[in-house]
Amino acid sequence: MTGGMVVEAGHFLGVLEGGDGALCAYHDRAANDDRVDGLQVLEFVPVLRREYATWAVAVSKPGVTQPDLMVAINEKRAGPFAVSQHVRRVLKTGVLAETPPLCVAASRRSPIGFRPRIRRCWVSR
């Protein structure tokens, strides 16, 4: 899986990309984890290409925080586009930890065998 997670105002905002089985398994573990509260899946859609080459974690810094977005999350009216754009913006300011880049190899497989990756946008406390 690739993507990013941001910590801001007591919330964890995340975007995950990967196979649908891996994402569903991750969701099941998170939903059953006593440390996770208020898990909201905002989007679960197929994508043609990954936007993230790694898994990265960052903390939102002053000047990048979005109080209005945090209010929308608390009121359960935050949209996936706003959350994913914010995650991307915060990650550009510097990450705390990051996995090595995902290596992508060319394949000679038929396009018929192509399995799209899924993007999942989520928030929790």
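Of the 125 residues in this chain, 35% count as buried. Keep in mind that the model is a predicted one. The accessible surface of the chain adds up to about 7,700 Å², and 57% of that belongs to carbon and sulfur atoms.

Now for the layout. The chain has three helices and six strands, and reading from the N terminus they come in the order β-β-α-β-β-α-α-β-β. If you take the contacts between residues at least 6 apart in sequence, 83% of them join residues at least 24 apart.

Let's go inside next. The largest nonpolar core holds 17 residues, and the ones with the most contacts inside it are L13, L69, I73, A78, V83, V87 and L91. Four elements, β2 (11–18), β4 (55–59), α2 and α3, each supply at least two residues of this core.

Helix α2 is a good place to see how a helix can contribute to such a core. Spanning residues 67–74, α2 has L69, M70, A72 and I73 buried. Looking down the axis of α2, these buried residues fall within an arc of 160 degrees, so they line one face of the helix. The general geometry helps here: an α-helix has 3.6 residues a turn, so residues three or four places apart point the same way. Over on the other side of α2 you'll find P67, D68 and N74, which are exposed. Two of the buried residues, L69 and I73, are also listed among the core residues with the most contacts.

Just past this helix there's a backbone detail worth a look. α2 is followed by K76, which sits in the loop between α2 and α3. Phi of K76 is near 55 degrees, a positive value in a residue other than glycine. For context, most residues other than glycine have a negative phi. K76 counts as exposed because its relative accessibility is 57%, and the cut-off for exposed is over 50%. A9 has a positive phi too, near 50 degrees, and is likewise a residue other than glycine. A9 belongs to the loop between β1 and β2, and with a relative accessible area of 62% this residue is exposed.

Follow the chain on to helix α3, which covers residues 80–92 and includes L91. Is L91 buried or exposed? At 14% relative accessibility, L91 counts as buried, because the cut-off for that is under 20%. Which residues does L91 touch, leaving out those up to four places away in sequence? They are G4, M5, Y52, A56, V57 and A58. M5 is 86 residues away from L91 along the chain, yet their C-alpha atoms are separated by 8.3 Å. As you saw earlier, L91 is also one of the residues with the most contacts inside the largest nonpolar core.

Finally, head back to the start of the chain, where T2 is placed in strand β1 (residues 2–8). T2 has a relative accessibility of 3% and therefore counts as buried. What does its side chain reach? One partner is the side chain of R50, with a polar contact at 2.7 Å. The side chain of T2 also reaches the backbone oxygen of Y52, at 3.2 Å. Y52 has come up before, since this residue is among those that L91 touches.

How values were computed. Residues numbered from 1 in each chain as written. Predicted model: local features only at pLDDT ≥ 70, side-chain atom pairs only at ≥ 80, totals over all residues. Heavy atoms only, no water. Buried < 20%, exposed > 50% of the residue type's maximum accessible area, 1.4 Å probe, protein only. Contact = heavy atoms within 4.5 Å. Polar contact = N/O pair within 3.5 Å; in protein donor to acceptor, adjacent residues only side chain to side chain. Arc of directions from axis to C-beta. Core = buried A, V, L, I, M, F, W, Y, C linked by side-chain atoms within 4.5 Å. Areas by Shrake-Rupley, 256 points an atom, 1.4 Å probe, with all protein chains shown as cover.
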